[in-house]
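Colleague: I should like a close look at a single part of this model, namely its salt bridges. Please take them pair by pair and set each in its surroundings.

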Amino acid sequence: MTDTSPAADQTPDADVLRRLRWRCRRGLLENDLFIDKFFDKHGESLTTGLVQGLLQLMDLSDNDLLDLLLARKEPEGDLVNSEVTQVLSMMRVAKA
């Protein structure tokens, strides 16, 4: 279910973002590279809704997450929502 409330558009404070970045650390270097680039580019402009999408992705195994980031797979089940889709589009590398 998508949260369209005004709270979904709010920007988390610096402490929440710092804890989120720590929570997003992965065991697979390739995932960490995607995540670090994502935070460097979008960290200051994350909304609460995007944070929720990111947290959903962080619940995946490293291999499943990498498959999504490399567009080898598309989100299924509970991951089919606008927040996850938007975070993935922000994290994925543009195809040449």
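Modeller: In this predicted model, Asp40 and Arg21 form a salt bridge in which the closest N and O atoms are 3.2 Å apart. Asp40 belongs to helix α2 (residues 29-42) and Arg21 to helix α1, so this pair ties together parts that lie 19 residues apart in sequence. Asp40 is exposed, with a relative accessibility of 61%, whereas Arg21 is partly exposed at 32%.

Helix α1 also holds a pairing within its own length. The side chains of Arg18 and Asp15 meet in a salt bridge with an N to O distance of 2.3 Å. Both residues lie in helix α1 (residues 14-23), and because they are 3 residues apart there, about one helical turn separates them. Arg18 counts as exposed at 55% relative accessibility, while Asp15, with a relative accessible area of 31%, is partly exposed. This pair does not stand alone: a network of salt bridges links Asp15, Arg18 and Arg19.

A further salt bridge joins Asp67 to Arg72, with the closest N and O atoms 3.3 Å apart. Its two partners differ in burial: Asp67 is buried, with a relative accessible area of 16%, but Arg72 is exposed at 54% relative accessibility. Asp67 counts as buried because its 16% falls under the 20% limit for that class.

The surroundings of Asp67 complete the picture. Asp67 is one of the buried residues of helix α4 (residues 62-69), where Leu65, Leu66, Leu68 and Leu69 are buried as well. The elements that cover the buried residues of α4 include α2, α3 (48-58) and α5 (82-91). Helix α2 therefore appears twice in this account: it carries Asp40, the partner of Arg21 in α1, and it is among the elements covering the buried residues of α4. Just after α4, Ala71 adopts a positive phi of about 60°.

As to the principle behind such pairs, side chains of opposite charge can pair when their charged atoms come close. In total, the structure holds 8 salt bridges. Those described here include the pair of Asp40 and Arg21, the pair of Arg18 and Asp15, and the pair of Asp67 and Arg72.

Technical notes: Residues are numbered from 1 along each chain as its sequence is written. This is a predicted model: local features need pLDDT of at least 70, side-chain atom pairs count only at pLDDT 80 or more; totals for chains, interfaces and linings use all residues. Side-chain values use heavy atoms; hydrogens and water are left out. A salt bridge is a side-chain nitrogen of Lys or Arg within 4 Å of a carboxyl oxygen of Asp or Glu. Helices (H or I, at least four residues) and strands (E, at least two) are DSSP runs, numbered from the N terminus. Buried means under 20% relative accessible area, exposed over 50%, partly exposed in between (1.4 Å probe, protein chains only). Contact means heavy atoms within 4.5 Å.
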